[in-house]
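Me: Could you take me through the inside of this protein, looking closely at the part where nonpolar side chains gather? I'm a first-year student, so please explain the terms as you go.
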Amino acid sequence: MSNSAASKVLSELREYDRELQLLKHGCAVLQWDQETYMPPAAAEERAEQLGVFETLVHDRIADDRLGELLELAGASPNNLLGSEDLPYRDRALIRLLFREHLKARRVPRDLVGRLARAASAGQTAWRAARAEDDFAAFKPQLEELVALAQERAECLGYEEHPYDALLDQYEPHMTTAEVSRVFHELEQRLVPLVSRIAEAPQLDDTFLYREFPEDIQETFGARVLREIGWPSNRGRLDISTHPFTIGLGRDDVRITTRYDRGFFNAAFFSMLHEAGHGLYELGFADEIRGSMLADGTSLGIHESQSRFWENVVGRSRAFWKRYYPALQSAFPTALAEIDYEAFYRAINKVRPSLIRVEADEVTYSLHVILRFRLETALFGGDLASAELPDAWREESRRLLGVVPESDAEGVLQDVHWSMGGFGYFPTYALGNLFAAQFTEALEAELGPLAPLLERGEFAEILAWLRQRIHAHGSARTATELVSDITGRNLEGEPFMRYLHAKFGEIYALD
Ligand code: ZN
(Lines give C-alpha, C1' and ligand atoms only; values in the text may rest on other atoms or scores of the structure.)
Protein backbone atom coordinates (compact mmCIF):
# COMPACT_ATOMS: atom_id res chain seq x y z
CA MET A 1 0.00 0.00 0.00
CA SER A 2 1.31 3.47 -0.94
CA ASN A 3 1.92 6.08 1.72
CA SER A 4 -1.05 8.14 0.68
CA ALA A 5 -3.35 5.08 0.57
CA ALA A 6 -2.12 4.07 4.04
CA SER A 7 -2.73 7.50 5.46
CA LYS A 8 -6.24 7.52 3.98
CA VAL A 9 -6.99 4.19 5.68
CA LEU A 10 -5.65 5.49 8.98
CA SER A 11 -7.61 8.69 8.85
CA GLU A 12 -10.81 6.77 8.16
CA LEU A 13 -10.04 4.41 11.06
CA ARG A 14 -9.49 7.40 13.34
CA GLU A 15 -12.89 8.77 12.33
CA TYR A 16 -14.54 5.47 13.35
CA ASP A 17 -12.59 5.59 16.58
CA ARG A 18 -13.63 9.13 17.47
CA GLU A 19 -17.28 8.59 16.59
CA LEU A 20 -17.43 5.36 18.62
CA GLN A 21 -15.87 7.06 21.62
CA LEU A 22 -18.41 9.90 21.44
CA LEU A 23 -21.28 7.41 21.22
CA LYS A 24 -19.92 5.52 24.23
CA HIS A 25 -19.66 8.73 26.22
CA GLY A 26 -23.24 9.55 25.23
CA CYS A 27 -24.34 6.18 26.70
CA ALA A 28 -22.29 6.96 29.81
CA VAL A 29 -24.17 10.22 30.44
CA LEU A 30 -27.46 8.31 30.36
CA GLN A 31 -26.10 5.61 32.66
CA TRP A 32 -24.65 8.06 35.17
CA ASP A 33 -27.91 9.96 35.33
CA GLN A 34 -29.84 6.71 35.74
CA GLU A 35 -27.78 5.77 38.82
CA THR A 36 -27.78 9.20 40.47
CA TYR A 37 -30.56 11.74 39.82
CA MET A 38 -33.10 10.13 37.46
CA PRO A 39 -36.63 9.94 38.91
CA PRO A 40 -37.71 6.28 39.26
CA ALA A 41 -40.59 6.55 36.76
CA ALA A 42 -38.10 7.36 33.97
CA ALA A 43 -36.57 3.87 34.10
CA GLU A 44 -38.59 2.35 31.28
CA GLU A 45 -37.80 4.92 28.60
CA ARG A 46 -34.20 5.19 29.80
CA ALA A 47 -33.76 1.47 29.11
CA GLU A 48 -35.05 2.07 25.57
CA GLN A 49 -32.75 5.05 25.06
CA LEU A 50 -29.76 3.03 26.18
CA GLY A 51 -30.83 0.14 23.96
CA VAL A 52 -30.81 2.42 20.89
CA PHE A 53 -27.37 3.85 21.71
CA GLU A 54 -25.92 0.42 22.37
CA THR A 55 -27.25 -0.90 19.08
CA LEU A 56 -25.67 2.05 17.28
CA VAL A 57 -22.31 1.28 18.90
CA HIS A 58 -22.63 -2.42 18.06
CA ASP A 59 -23.54 -1.74 14.42
CA ARG A 60 -20.69 0.73 13.92
CA ILE A 61 -18.20 -1.78 15.34
CA ALA A 62 -19.59 -4.66 13.30
CA ASP A 63 -19.66 -2.54 10.11
CA ASP A 64 -18.29 -4.18 6.89
CA ARG A 65 -16.35 -1.04 6.02
CA LEU A 66 -14.53 -1.10 9.36
CA GLY A 67 -13.57 -4.72 8.65
CA GLU A 68 -12.19 -3.74 5.21
CA LEU A 69 -10.18 -0.85 6.66
CA LEU A 70 -8.68 -3.06 9.35
CA GLU A 71 -7.73 -5.64 6.74
CA LEU A 72 -6.14 -2.92 4.58
CA ALA A 73 -4.19 -1.84 7.65
CA GLY A 74 -2.79 -5.39 7.86
CA ALA A 75 -4.87 -6.73 10.77
CA SER A 76 -5.71 -10.45 10.96
CA PRO A 77 -6.42 -12.94 13.75
CA ASN A 78 -2.71 -13.79 13.70
CA ASN A 79 -1.56 -10.20 13.49
CA LEU A 80 -3.78 -8.08 15.70
CA LEU A 81 -1.52 -5.03 15.53
CA GLY A 82 -1.60 -4.71 11.74
CA SER A 83 1.24 -3.53 9.57
CA GLU A 84 4.63 -3.11 11.24
CA ASP A 85 5.32 0.14 9.36
CA LEU A 86 2.60 1.99 11.22
CA PRO A 87 3.24 4.14 14.31
CA TYR A 88 2.80 2.45 17.70
CA ARG A 89 -0.34 4.39 18.62
CA ASP A 90 -2.10 3.41 15.39
CA ARG A 91 -1.13 -0.23 15.80
CA ALA A 92 -2.58 -0.23 19.32
CA LEU A 93 -5.79 1.29 17.96
CA ILE A 94 -5.95 -1.33 15.21
CA ARG A 95 -5.59 -4.11 17.80
CA LEU A 96 -8.39 -2.67 19.90
CA LEU A 97 -10.78 -2.07 16.99
CA PHE A 98 -10.00 -5.41 15.37
CA ARG A 99 -10.75 -7.36 18.56
CA GLU A 100 -14.00 -5.44 19.09
CA HIS A 101 -14.94 -5.91 15.45
CA LEU A 102 -14.36 -9.68 15.58
CA LYS A 103 -16.43 -10.02 18.75
CA ALA A 104 -19.30 -7.98 17.32
CA ARG A 105 -19.27 -10.08 14.13
CA ARG A 106 -19.04 -13.41 15.92
CA VAL A 107 -21.93 -12.91 18.34
CA PRO A 108 -25.23 -12.84 16.40
CA ARG A 109 -27.59 -9.98 17.14
CA ASP A 110 -30.28 -12.45 18.12
CA LEU A 111 -28.02 -13.86 20.86
CA VAL A 112 -27.22 -10.33 22.11
CA GLY A 113 -30.96 -9.72 22.47
CA ARG A 114 -31.56 -13.03 24.26
CA LEU A 115 -28.67 -12.29 26.65
CA ALA A 116 -30.08 -8.84 27.47
CA ARG A 117 -33.56 -10.25 28.13
CA ALA A 118 -32.23 -13.14 30.23
CA ALA A 119 -30.13 -10.70 32.28
CA SER A 120 -33.13 -8.50 32.91
CA ALA A 121 -35.37 -11.44 33.90
CA GLY A 122 -32.47 -12.93 35.87
CA GLN A 123 -32.09 -9.88 38.07
CA THR A 124 -35.81 -9.78 38.88
CA ALA A 125 -35.84 -13.51 39.70
CA TRP A 126 -32.66 -13.23 41.75
CA ARG A 127 -33.98 -10.35 43.89
CA ALA A 128 -37.13 -12.32 44.72
CA ALA A 129 -35.21 -15.58 45.32
CA ARG A 130 -32.73 -13.88 47.64
CA ALA A 131 -35.49 -12.19 49.63
CA GLU A 132 -37.19 -15.59 50.08
CA ASP A 133 -33.95 -17.54 50.51
CA ASP A 134 -35.17 -19.80 47.72
CA PHE A 135 -32.43 -20.96 45.34
CA ALA A 136 -34.84 -23.25 43.46
CA ALA A 137 -36.82 -20.18 42.35
CA PHE A 138 -33.73 -18.70 40.71
CA LYS A 139 -32.35 -21.96 39.29
CA PRO A 140 -34.21 -21.95 35.92
CA GLN A 141 -33.03 -18.40 35.14
CA LEU A 142 -29.52 -19.21 36.27
CA GLU A 143 -29.45 -22.30 34.04
CA GLU A 144 -30.56 -20.20 31.08
CA LEU A 145 -27.93 -17.53 31.80
CA VAL A 146 -25.21 -20.18 32.03
CA ALA A 147 -26.37 -21.78 28.77
CA LEU A 148 -26.40 -18.41 26.98
CA ALA A 149 -22.96 -17.50 28.31
CA GLN A 150 -21.74 -20.89 27.08
CA GLU A 151 -23.27 -20.17 23.67
CA ARG A 152 -21.58 -16.76 23.64
CA ALA A 153 -18.23 -18.36 24.52
CA GLU A 154 -18.65 -20.82 21.63
CA CYS A 155 -19.37 -17.92 19.23
CA LEU A 156 -16.40 -15.91 20.45
CA GLY A 157 -14.06 -18.89 20.32
CA TYR A 158 -11.33 -19.94 22.74
CA GLU A 159 -8.22 -22.08 22.76
CA GLU A 160 -8.42 -24.15 25.93
CA HIS A 161 -11.37 -23.42 28.17
CA PRO A 162 -14.79 -21.85 27.43
CA TYR A 163 -14.13 -19.60 30.42
CA ASP A 164 -11.24 -18.01 28.47
CA ALA A 165 -13.77 -16.29 26.22
CA LEU A 166 -15.80 -15.01 29.20
CA LEU A 167 -12.76 -13.78 31.13
CA ASP A 168 -11.47 -12.01 28.03
CA GLN A 169 -14.48 -9.64 28.04
CA TYR A 170 -13.22 -8.06 31.26
CA GLU A 171 -9.54 -8.97 31.38
CA PRO A 172 -8.45 -8.95 27.72
CA HIS A 173 -5.66 -11.37 26.73
CA MET A 174 -5.70 -13.16 30.14
CA THR A 175 -6.29 -16.93 30.21
CA THR A 176 -8.07 -19.21 32.67
CA ALA A 177 -4.89 -21.26 33.02
CA GLU A 178 -2.85 -18.24 34.08
CA VAL A 179 -5.43 -17.03 36.61
CA SER A 180 -5.80 -20.58 37.91
CA ARG A 181 -2.04 -20.90 38.45
CA VAL A 182 -1.78 -17.60 40.36
CA PHE A 183 -4.95 -18.20 42.41
CA HIS A 184 -3.75 -21.65 43.41
CA GLU A 185 -0.48 -20.18 44.66
CA LEU A 186 -2.38 -17.44 46.49
CA GLU A 187 -4.82 -19.83 48.15
CA GLN A 188 -1.97 -21.98 49.50
CA ARG A 189 -0.53 -18.95 51.27
CA LEU A 190 -3.70 -17.07 52.28
CA VAL A 191 -5.56 -19.89 54.05
CA PRO A 192 -2.79 -20.46 56.66
CA LEU A 193 -2.36 -16.71 57.15
CA VAL A 194 -6.08 -16.34 57.94
CA SER A 195 -5.82 -19.19 60.50
CA ARG A 196 -2.80 -17.65 62.21
CA ILE A 197 -4.58 -14.31 62.48
CA ALA A 198 -7.69 -16.03 63.87
CA GLU A 199 -5.55 -17.50 66.68
CA ALA A 200 -4.00 -14.13 67.57
CA PRO A 201 -5.60 -11.68 70.07
CA GLN A 202 -8.47 -9.87 68.30
CA LEU A 203 -8.72 -6.12 67.70
CA ASP A 204 -11.41 -3.71 68.84
CA ASP A 205 -13.12 -1.81 66.03
CA THR A 206 -16.43 -1.03 67.76
CA PHE A 207 -15.76 2.74 67.77
CA LEU A 208 -15.92 2.79 63.95
CA TYR A 209 -19.66 2.15 64.38
CA ARG A 210 -20.36 5.27 66.43
CA GLU A 211 -22.06 8.40 65.10
CA PHE A 212 -20.30 10.10 62.14
CA PRO A 213 -22.49 12.95 60.78
CA GLU A 214 -22.70 12.74 56.97
CA ASP A 215 -21.88 16.39 56.25
CA ILE A 216 -18.64 16.16 58.22
CA GLN A 217 -17.76 12.89 56.47
CA GLU A 218 -18.27 14.68 53.17
CA THR A 219 -16.10 17.69 54.10
CA PHE A 220 -13.31 15.48 55.40
CA GLY A 221 -13.45 13.13 52.39
CA ALA A 222 -13.47 16.00 49.89
CA ARG A 223 -10.41 17.53 51.53
CA VAL A 224 -8.47 14.26 51.27
CA LEU A 225 -9.55 13.77 47.64
CA ARG A 226 -8.35 17.28 46.78
CA GLU A 227 -5.01 16.65 48.46
CA ILE A 228 -4.34 13.36 46.68
CA GLY A 229 -4.93 15.12 43.35
CA TRP A 230 -8.64 14.78 42.46
CA PRO A 231 -9.32 17.74 40.08
CA SER A 232 -12.74 19.25 40.76
CA ASN A 233 -12.73 21.05 37.37
CA ARG A 234 -12.62 17.67 35.55
CA GLY A 235 -14.75 15.51 37.81
CA ARG A 236 -17.65 15.33 40.26
CA LEU A 237 -18.45 13.42 43.42
CA ASP A 238 -22.11 12.42 43.87
CA ILE A 239 -24.16 9.93 45.86
CA SER A 240 -25.58 6.59 44.65
CA THR A 241 -26.75 3.31 46.18
CA HIS A 242 -23.68 1.45 44.88
CA PRO A 243 -20.52 3.56 44.53
CA PHE A 244 -19.11 3.61 40.98
CA THR A 245 -16.90 5.55 38.55
CA ILE A 246 -17.78 6.45 34.98
CA GLY A 247 -16.03 8.50 32.29
CA LEU A 248 -18.35 10.86 30.41
CA GLY A 249 -15.72 12.61 28.31
CA ARG A 250 -12.03 13.27 28.10
CA ASP A 251 -12.29 15.93 30.83
CA ASP A 252 -15.27 14.60 32.72
CA VAL A 253 -15.10 11.67 35.13
CA ARG A 254 -17.79 11.08 37.76
CA ILE A 255 -17.41 9.18 41.00
CA THR A 256 -20.01 8.38 43.65
CA THR A 257 -20.12 7.29 47.26
CA ARG A 258 -22.71 6.42 49.88
CA TYR A 259 -22.76 7.79 53.44
CA ASP A 260 -23.53 5.65 56.47
CA ARG A 261 -23.97 7.76 59.60
CA GLY A 262 -23.31 4.74 61.79
CA PHE A 263 -20.09 3.42 60.19
CA PHE A 264 -17.05 5.47 59.30
CA ASN A 265 -15.45 3.12 56.74
CA ALA A 266 -18.34 2.93 54.29
CA ALA A 267 -18.08 6.33 52.62
CA PHE A 268 -14.46 7.27 53.20
CA PHE A 269 -12.85 4.14 51.77
CA SER A 270 -15.26 3.94 48.86
CA MET A 271 -14.41 7.57 48.03
CA LEU A 272 -10.72 6.71 47.93
CA HIS A 273 -11.49 3.57 45.93
CA GLU A 274 -13.55 5.38 43.30
CA ALA A 275 -11.09 8.27 43.18
CA GLY A 276 -8.41 5.70 42.31
CA HIS A 277 -10.53 4.54 39.36
CA GLY A 278 -11.25 8.16 38.45
CA LEU A 279 -7.61 9.29 38.54
CA TYR A 280 -6.81 6.48 36.11
CA GLU A 281 -9.54 7.70 33.75
CA LEU A 282 -8.23 11.28 34.01
CA GLY A 283 -4.60 10.34 33.44
CA PHE A 284 -4.60 9.21 29.81
CA ALA A 285 -1.90 10.84 27.69
CA ASP A 286 -2.86 13.79 25.46
CA GLU A 287 -2.09 11.80 22.31
CA ILE A 288 -4.80 9.23 23.05
CA ARG A 289 -7.38 11.53 24.66
CA GLY A 290 -10.72 11.34 22.85
CA SER A 291 -9.80 7.94 21.34
CA MET A 292 -11.08 4.50 22.37
CA LEU A 293 -7.51 3.94 23.56
CA ALA A 294 -8.33 6.39 26.36
CA ASP A 295 -9.87 3.66 28.49
CA GLY A 296 -8.73 1.32 31.21
CA THR A 297 -6.81 -1.55 29.61
CA SER A 298 -8.55 -4.18 31.77
CA LEU A 299 -10.75 -4.32 34.85
CA GLY A 300 -7.88 -5.88 36.80
CA ILE A 301 -5.62 -2.91 36.04
CA HIS A 302 -8.50 -0.54 36.84
CA GLU A 303 -8.99 -2.29 40.15
CA SER A 304 -5.25 -2.08 40.88
CA GLN A 305 -5.57 1.70 40.83
CA SER A 306 -8.63 1.84 43.08
CA ARG A 307 -7.25 -0.63 45.58
CA PHE A 308 -3.89 1.12 45.62
CA TRP A 309 -5.51 4.35 46.86
CA GLU A 310 -8.05 2.61 49.07
CA ASN A 311 -5.73 0.13 50.79
CA VAL A 312 -2.04 0.58 50.08
CA VAL A 313 -2.39 4.33 50.72
CA GLY A 314 -5.66 4.76 52.65
CA ARG A 315 -5.25 1.89 55.10
CA SER A 316 -1.58 2.57 55.81
CA ARG A 317 -0.12 3.75 59.09
CA ALA A 318 1.77 6.63 57.43
CA PHE A 319 -1.37 8.04 55.79
CA TRP A 320 -3.17 8.20 59.13
CA LYS A 321 -0.14 9.60 60.90
CA ARG A 322 -0.78 12.58 58.61
CA TYR A 323 -4.60 12.68 58.73
CA TYR A 324 -5.66 11.23 62.08
CA PRO A 325 -5.37 14.50 64.09
CA ALA A 326 -7.71 16.19 61.58
CA LEU A 327 -10.11 13.22 61.63
CA GLN A 328 -10.17 13.18 65.40
CA SER A 329 -11.00 16.88 65.61
CA ALA A 330 -13.67 16.46 62.92
CA PHE A 331 -15.38 13.74 64.99
CA PRO A 332 -14.53 14.68 68.59
CA THR A 333 -17.39 12.70 70.13
CA ALA A 334 -16.77 9.42 68.30
CA LEU A 335 -12.97 9.42 68.41
CA ALA A 336 -12.05 11.48 71.50
CA GLU A 337 -10.33 8.74 73.49
CA ILE A 338 -9.18 6.67 70.51
CA ASP A 339 -5.50 7.04 69.69
CA TYR A 340 -4.08 6.85 66.20
CA GLU A 341 -2.58 3.39 66.67
CA ALA A 342 -5.93 1.95 67.78
CA PHE A 343 -7.64 3.58 64.80
CA TYR A 344 -5.06 2.24 62.34
CA ARG A 345 -5.52 -1.29 63.70
CA ALA A 346 -9.30 -1.06 63.72
CA ILE A 347 -9.54 -0.12 60.04
CA ASN A 348 -7.36 -3.15 59.27
CA LYS A 349 -9.21 -5.71 61.41
CA VAL A 350 -9.22 -9.15 59.77
CA ARG A 351 -12.39 -11.20 60.15
CA PRO A 352 -13.53 -13.97 57.80
CA SER A 353 -16.98 -12.95 56.62
CA LEU A 354 -19.58 -14.31 54.24
CA ILE A 355 -19.34 -11.68 51.52
CA ARG A 356 -16.58 -9.98 49.52
CA VAL A 357 -17.89 -6.42 49.81
CA GLU A 358 -17.35 -6.46 53.59
CA ALA A 359 -14.04 -8.29 53.45
CA ASP A 360 -10.68 -7.07 54.77
CA GLU A 361 -7.49 -7.13 52.69
CA VAL A 362 -6.45 -10.63 53.82
CA THR A 363 -9.70 -12.51 53.21
CA TYR A 364 -10.91 -10.47 50.20
CA SER A 365 -9.15 -12.49 47.50
CA LEU A 366 -10.44 -15.77 48.98
CA HIS A 367 -14.01 -14.69 48.19
CA VAL A 368 -12.91 -14.14 44.61
CA ILE A 369 -11.12 -17.50 44.42
CA LEU A 370 -14.27 -19.23 45.70
CA ARG A 371 -16.37 -17.81 42.89
CA PHE A 372 -13.65 -18.40 40.28
CA ARG A 373 -13.53 -22.11 41.24
CA LEU A 374 -17.30 -22.45 40.91
CA GLU A 375 -17.47 -20.53 37.62
CA THR A 376 -14.69 -22.49 35.95
CA ALA A 377 -16.25 -25.77 37.15
CA LEU A 378 -19.65 -24.68 35.75
CA PHE A 379 -18.25 -23.80 32.32
CA GLY A 380 -15.79 -26.70 32.27
CA GLY A 381 -18.75 -29.10 32.67
CA ASP A 382 -17.64 -30.30 36.12
CA LEU A 383 -20.53 -28.78 38.05
CA ALA A 384 -24.27 -28.32 37.39
CA SER A 385 -26.21 -25.21 38.45
CA ALA A 386 -28.25 -27.38 40.84
CA GLU A 387 -25.07 -28.32 42.73
CA LEU A 388 -24.03 -24.70 43.34
CA PRO A 389 -25.52 -24.17 46.84
CA ASP A 390 -23.65 -27.19 48.28
CA ALA A 391 -20.49 -26.40 46.38
CA TRP A 392 -20.64 -22.84 47.70
CA ARG A 393 -20.90 -24.02 51.33
CA GLU A 394 -18.08 -26.48 50.84
CA GLU A 395 -15.71 -23.94 49.26
CA SER A 396 -16.59 -21.30 51.84
CA ARG A 397 -15.70 -23.70 54.65
CA ARG A 398 -12.46 -24.76 52.94
CA LEU A 399 -11.25 -21.26 52.02
CA LEU A 400 -12.67 -18.98 54.71
CA GLY A 401 -13.60 -21.31 57.54
CA VAL A 402 -17.15 -19.94 57.65
CA VAL A 403 -20.33 -21.51 56.29
CA PRO A 404 -23.39 -19.45 55.36
CA GLU A 405 -26.53 -20.55 57.16
CA SER A 406 -28.78 -19.70 54.23
CA ASP A 407 -28.47 -19.56 50.42
CA ALA A 408 -29.39 -15.86 50.61
CA GLU A 409 -26.10 -15.33 52.44
CA GLY A 410 -24.27 -17.85 50.26
CA VAL A 411 -24.82 -18.65 46.62
CA LEU A 412 -27.49 -15.93 46.20
CA GLN A 413 -25.50 -13.15 47.89
CA ASP A 414 -24.40 -11.20 44.84
CA VAL A 415 -25.94 -9.69 41.70
CA HIS A 416 -23.25 -10.62 39.11
CA TRP A 417 -24.54 -14.06 38.05
CA SER A 418 -28.10 -12.82 37.71
CA MET A 419 -26.85 -10.33 35.09
CA GLY A 420 -24.88 -13.01 33.23
CA GLY A 421 -21.63 -11.44 34.48
CA PHE A 422 -19.56 -14.66 34.41
CA GLY A 423 -15.80 -14.06 34.13
CA TYR A 424 -15.95 -10.72 35.93
CA PHE A 425 -15.01 -11.75 39.46
CA PRO A 426 -11.33 -12.69 38.98
CA THR A 427 -10.56 -9.06 38.10
CA TYR A 428 -11.26 -8.03 41.72
CA ALA A 429 -8.39 -10.17 43.01
CA LEU A 430 -6.13 -9.49 40.02
CA GLY A 431 -6.38 -5.82 41.06
CA ASN A 432 -4.79 -6.64 44.44
CA LEU A 433 -1.97 -8.56 42.76
CA PHE A 434 -1.23 -5.89 40.14
CA ALA A 435 -1.36 -3.18 42.83
CA ALA A 436 1.27 -4.99 44.93
CA GLN A 437 3.52 -5.52 41.91
CA PHE A 438 3.23 -1.85 40.91
CA THR A 439 3.84 -0.67 44.49
CA GLU A 440 7.11 -2.59 44.66
CA ALA A 441 8.20 -1.01 41.36
CA LEU A 442 7.16 2.45 42.56
CA GLU A 443 9.15 2.03 45.78
CA ALA A 444 12.19 0.81 43.86
CA GLU A 445 12.13 4.09 41.91
CA LEU A 446 10.81 6.68 44.38
CA GLY A 447 11.92 5.13 47.67
CA PRO A 448 9.65 3.80 50.44
CA LEU A 449 6.02 4.89 50.21
CA ALA A 450 5.54 5.57 53.95
CA PRO A 451 7.61 8.81 54.19
CA LEU A 452 6.01 10.11 50.98
CA LEU A 453 2.54 9.54 52.47
CA GLU A 454 3.45 11.00 55.81
CA ARG A 455 4.74 14.17 54.11
CA GLY A 456 1.68 14.28 51.82
CA GLU A 457 3.75 14.03 48.65
CA PHE A 458 0.85 12.62 46.67
CA ALA A 459 1.74 14.59 43.55
CA GLU A 460 4.95 12.60 43.18
CA ILE A 461 3.10 9.30 43.59
CA LEU A 462 0.36 10.29 41.15
CA ALA A 463 2.91 11.49 38.59
CA TRP A 464 4.58 8.07 38.71
CA LEU A 465 1.26 6.24 38.27
CA ARG A 466 0.33 8.56 35.38
CA GLN A 467 3.57 8.14 33.55
CA ARG A 468 3.93 4.39 34.02
CA ILE A 469 0.29 3.21 33.95
CA HIS A 470 -2.44 5.79 33.27
CA ALA A 471 -0.88 7.52 30.24
CA HIS A 472 -1.00 4.33 28.14
CA GLY A 473 -4.73 3.75 28.46
CA SER A 474 -5.46 0.53 26.59
CA ALA A 475 -2.56 1.00 24.17
CA ARG A 476 -0.66 -1.47 26.39
CA THR A 477 -2.34 -4.69 27.54
CA ALA A 478 -2.31 -5.62 31.24
CA THR A 479 0.41 -8.19 30.64
CA GLU A 480 2.50 -5.71 28.65
CA LEU A 481 2.14 -3.05 31.37
CA VAL A 482 3.18 -5.42 34.15
CA SER A 483 6.14 -6.61 32.16
CA ASP A 484 7.18 -3.03 31.17
CA ILE A 485 7.01 -1.85 34.76
CA THR A 486 8.22 -4.84 36.76
CA GLY A 487 10.05 -6.97 34.19
CA ARG A 488 7.88 -9.92 35.31
CA ASN A 489 4.54 -11.60 34.67
CA LEU A 490 1.47 -11.50 36.87
CA GLU A 491 2.42 -13.07 40.23
CA GLY A 492 1.10 -13.50 43.76
CA GLU A 493 4.38 -13.17 45.66
CA PRO A 494 4.51 -9.32 45.96
CA PHE A 495 0.95 -9.27 47.33
CA MET A 496 1.81 -11.95 49.89
CA ARG A 497 4.96 -10.02 50.92
CA TYR A 498 2.79 -6.93 51.42
CA LEU A 499 0.20 -8.82 53.52
CA HIS A 500 2.81 -10.60 55.65
CA ALA A 501 4.68 -7.38 56.41
CA LYS A 502 1.56 -5.39 57.25
CA PHE A 503 -0.58 -7.95 59.10
CA GLY A 504 2.37 -9.78 60.66
CA GLU A 505 3.11 -6.52 62.48
CA ILE A 506 -0.53 -5.67 63.32
CA TYR A 507 -1.21 -9.14 64.75
CA ALA A 508 2.34 -9.69 66.13
CA LEU A 509 2.61 -12.99 64.23
CA ASP A 510 6.36 -13.57 64.44
ZN1 ZN B 1 -13.47 -0.91 41.90
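Reply: Let's begin with the largest nonpolar core, which has 155 residues. A nonpolar core is a set of buried Ala, Val, Leu, Ile, Met, Phe, Trp, Tyr and Cys residues joined through side-chain atoms within 4.5 Å. Buried means under 20% relative accessible area, exposed means over 50%, and partly exposed is in between (1.4 Å probe, protein chains only). The members of this core that touch the most other members are Leu 13, Phe 264, Trp 309, Trp 320, Phe 343 and Ile 461. Helix α15 (residues 364-379) gives the core its largest share, ten residues. Domain 1 (3-157) and domain 2 (176-506) both supply residues, so the core lies between them. As general background, nonpolar side chains in soluble globular proteins tend to be buried together.

Before going further, two notes on reading all this. This is a predicted model, in which local features need pLDDT of at least 70 and side-chain atom pairs count only at pLDDT 80 or more, while totals for chains, interfaces and linings use all residues. Residues are numbered from 1 along each chain as its sequence is written, and side-chain values use heavy atoms, with hydrogens and water left out.

Now pick out Leu 13. Leaving aside neighbours within four places in sequence, Leu 13 is in contact (heavy atoms within 4.5 Å) with Leu 66, Leu 69, Leu 70, Ala 73, Ile 94 and Leu 97. Besides the largest core, there is a second, separate core of five residues, among them Ala 28, Trp 32, Phe 244 and Ile 246.

Phe 220 is another good residue to find. Phe 220 sits in helix α9 (residues 214-228); helices here are DSSP runs of H or I with at least four residues, strands are runs of E with at least two, and both are numbered from the N terminus. With 6% relative accessibility, Phe 220 counts as buried. Not counting residues up to four places away in sequence, Phe 220 touches Phe 268, Trp 320, Tyr 323, Ala 326 and Leu 327. One of these, Trp 320, also appeared among the core residues that touch the most other members.

Next, step back to the domains. The bounds of domain 1 (3-157) and domain 2 (176-506) come from an automatic or database domain assignment. Taken over C-alpha atoms, the centres of the two domains are 26 Å apart. The contact between them takes 39 residues from domain 1 and 44 residues from domain 2.

There is also a sheet to explore. Three strands form an open sheet in the order β1-β3-β2, with mixed pairing; two strands pair if DSSP finds at least two bridges between them. β1 (235-239) and β2 (245-249) are at the edges with a single partner strand each, so one side of each has no neighbour in the sheet. On average, neighbouring strands are turned by 25° against each other, direction ignored. Axes are lines fitted to C-alpha atoms, for helices over the stretch in contact, and angles run from 0 to 180 degrees between N-to-C directions.

How do the strands line up? β1 and β3 (residues 252-257) run parallel and are joined by five bridges, with Leu 237 opposite Ile 255 in β3. Helix α1 (residues 3-36) packs on the sheet and touches β1, β2 and β3, its direction making about 135° with that of β2. Helix α10 (residues 264-281) also packs on the sheet, touching β1, β2 and β3, and its direction makes about 165° with that of β3.

On the other edge, β2 and β3 run antiparallel, joined by four bridges. Gly 247 is opposite Val 253 in β3, and a hairpin joins β2 to β3 through two residues. β2 is mostly covered, as four of its five residues are buried.

Finally, a look at two cysteines. Cys 27 is buried, with a relative accessible area of 7%, whereas Cys 155 is partly exposed at 25%. A search of the whole structure finds zero disulfides, a disulfide being a pair of cysteine sulfur atoms within 2.5 Å.
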